[in-house]
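Here is a brisk report for a reader new to this structure. Look over the model first, then read on about the ligand, its pocket and a few backbone details.

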Amino acid sequence: MLKNKHILLIVGGGIAAYKALDLTRRLNERGARVRGLLTKAGAQFITPLSLSALTGEKVHEDLFNLLDESEMGHIALSRAADLIVAAPATADLMAKMAAGLAGDLASTVLLATDTPVLVAPAMNVRMWTHTATRRNVAQLVQDGIAFVGPDEGDMACGEYGPGRMAEPLDIVAAIERCFERQESGLTHLHPKTKALKNQSAGLLAGRRVLVTAGPTHEPIDPVRYLANRSSGKQGFAIAESLAALGADVCLITGPVTLKDPPGIKTVRVETAADMAKACEAALPVDAAICAAAVADWRIAAPQSEKIKKTSNSAPKLALTENIDILKSLSTRKKNRPSLVIGFAAETEKMETHARQKLKTKSCDWIIANDVSPASGVMGGDNNEIMLITHDRQERWPHMTKAETGAALASRVADYFNNARKITPLPLKSKRGLSHGSN
Ligand code: CTP
């Protein structure tokens, strides 16, 4: 996918600048053509020589360099790339971008371009969480700038939190998603999701979210399996709505017929054990939403050859319990997502069972839905849910799964933005949202 793609890599001034060199190597390995642009502060951390040695190109540094301007002006530089990547992107560089300033080569190139831009922020945790940076990030997402990271962890300054630049391979994956998005456009989005994107773009920028979706298949023998009727539609809709708000989404899905949503990292798995492994690999995340209908049991001893019919008796299938992914995410000591949301698929006593699951699974919110055959939820396009938290409950109106996904993504954004009021989406139902509590 990256073969012969031209990438302009802007390296800002931060300790993470050294990772830009590794990023360059990873992009080279994939056949991309990288051109480097080093800011004044970036040049305090890495040298133009090392960047030039890895890119095999001259490194651009000055806005007012006569020779550079005669060889390739800054306007041409900004247009020659298929994608501009700023890694590390400092708070200062993002502020300049958000304000439309053009006082140095990096900001001028970013202002002069109509090429898609991906930024990988890196800064101290307090700078990242500062209102000014949040405002700038929201503005940039609204302007169509893509984000990858930052990650949470120990920082060079001795503090802990979000602000570490994403790892080079994660940036490569985000670059691939940018190209995927460019190639497919966003035409597939449901109008509600588009509306949500326009209304509240950027509210989840910099947040990583894991979503599980679909059924799991548990093998009996090489040709048969245990399964359920989940279509994955609700989980996919949630993932798309979260991505529309700027979240970095990892969608882990069991076998479904739906296509990978463009721009979303989608991991396809078969069994509950595979799904659990993929979830573990996706950590750390800020939020996990378990919408998958994971099989509770698997065959204790799946056969390696097809089980043959014998005249005297049907085979006895001994079952063993699968790992509960939701519970294991909620009860982790290390890297527990700050918001864990489960689903309670019930055919009777929906509310009571859902409340029990909220407790036994130690999650923060549970979405109860009626999956009895009469409801048409399993495999259908609509849903009618209850959102239950430890101190309140809401019965949502009958909506499409896309609308439910958009409304849930709004709630997640609300949670991460300190319960800041988000304009609710206009809902079709006459009943509207009911905000009960108990
Ligand atoms: N879940 C999970 N791993 C499992 C089983 C369920 O992560 N092995 C998650 C589902 O993704 C969902 C929640 O747990 O978010 C509840 O799933 P549900 O099937 O409703 O409940 P179960 O725990 O399977 O209980 P029961 O089948 O008895 O209703």
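## The ligand and its surroundings

An oxygen atom of the ligand lies 2.6 Å from a polar backbone atom of Ala-292. The model is predicted. Two further backbone contacts involve ligand oxygen, one at Leu-326 and one at Phe-343. The table sets out the three.

| Residue | Protein atom | Ligand atom | Distance |
|---|---|---|---|
| Ala-292 | polar backbone atom | oxygen | 2.6 Å |
| Leu-326 | backbone N or O | oxygen | 2.8 Å |
| Phe-343 | backbone N or O | oxygen | 2.8 Å |

How much of the ligand's accessible area does the protein cover? On its own, the ligand has 570 Å² of accessible area, and the protein covers 78% of that.

Around the ligand stand 15 residues. Cys-290, Ala-292, Asp-296, Lys-357 and Lys-361 come nearest. By type, the shell holds 10 nonpolar residues, 1 polar and 4 charged.

Which elements give two or more residues to this shell? They are helix H13, residues 325-330, and strand S16, residues 339-346. Strand S16 provides the largest share, with 4 residues.

## The largest pocket

Where does the ligand sit? Its place is the largest pocket. This pocket holds about 960 Å³ of space. Its lining counts 37 residues. Nearest the pocket centre are Ala-292, Ala-293, Val-294, Asp-296 and Ala-345. Ala-292 and Asp-296 also appear among the residues that come nearest the ligand.

Three elements each supply at least two residues of the lining: helix H11 (233-244), H13 and S16. H13 and S16 also give two or more residues to the ligand shell. The lining divides into 18 nonpolar, 12 polar and 7 charged residues.

## Backbone details

Now to the backbone. Two peptide bonds that lead into a proline deserve a look.

The bond from Ala-87 to Pro-88 is cis, and its omega is near -5°. Pro-88 belongs to strand S3, which spans residues 83-89.

The bond from Leu-283 to Pro-284 is also cis, with omega near 0°. Where is Pro-284? It is in a loop, between helix H12 (272-282) and strand S13 (287-290).

Asn-4 shows another kind of detail. Its phi is near 60°, a positive value in a residue other than glycine. Asn-4 is part of the segment before strand S1, which covers residues 6-11.

## In brief

The ligand sits in the largest pocket, and the protein covers 78% of its accessible area. Ligand oxygen lies 2.6 Å from a polar backbone atom of Ala-292. The largest share of the shell comes from S16.

How values were computed
Residues are numbered from 1 along each chain as its sequence is written. This is a predicted model: local features need pLDDT of at least 70, side-chain atom pairs count only at pLDDT 80 or more; totals for chains, interfaces and linings use all residues. Side-chain values use heavy atoms; hydrogens and water are left out. A residue is near a molecule or strand if one of its heavy atoms lies within 4 Å of it. A polar contact is a pair of N or O atoms within 3.5 Å; within protein, one must be able to donate a hydrogen and the other to accept it, and residues adjacent in sequence count only if both atoms are side-chain atoms. Accessible areas come from the Shrake-Rupley method with a 1.4 Å probe; for residues, only the protein chains shown count as cover. On a 1 Å grid over the protein atoms alone, a cavity is a set of points where a 1.4 Å probe fits but cannot get out, and a pocket is an open set with protein on both sides within 12 Å along at least five of seven lines; lining residues have an atom within 4 Å of a point. A molecule sits in a cavity or pocket if more than half of its atoms lie within 2 Å of its grid points. Ala, Val, Leu, Ile, Met, Phe, Trp, Tyr, Cys and Pro count as nonpolar, Asp, Glu, Lys and Arg as charged, and the others, Gly among them, as polar. Grid points are joined across faces, edges and corners, and a volume is the space filled by probe spheres set on the points.
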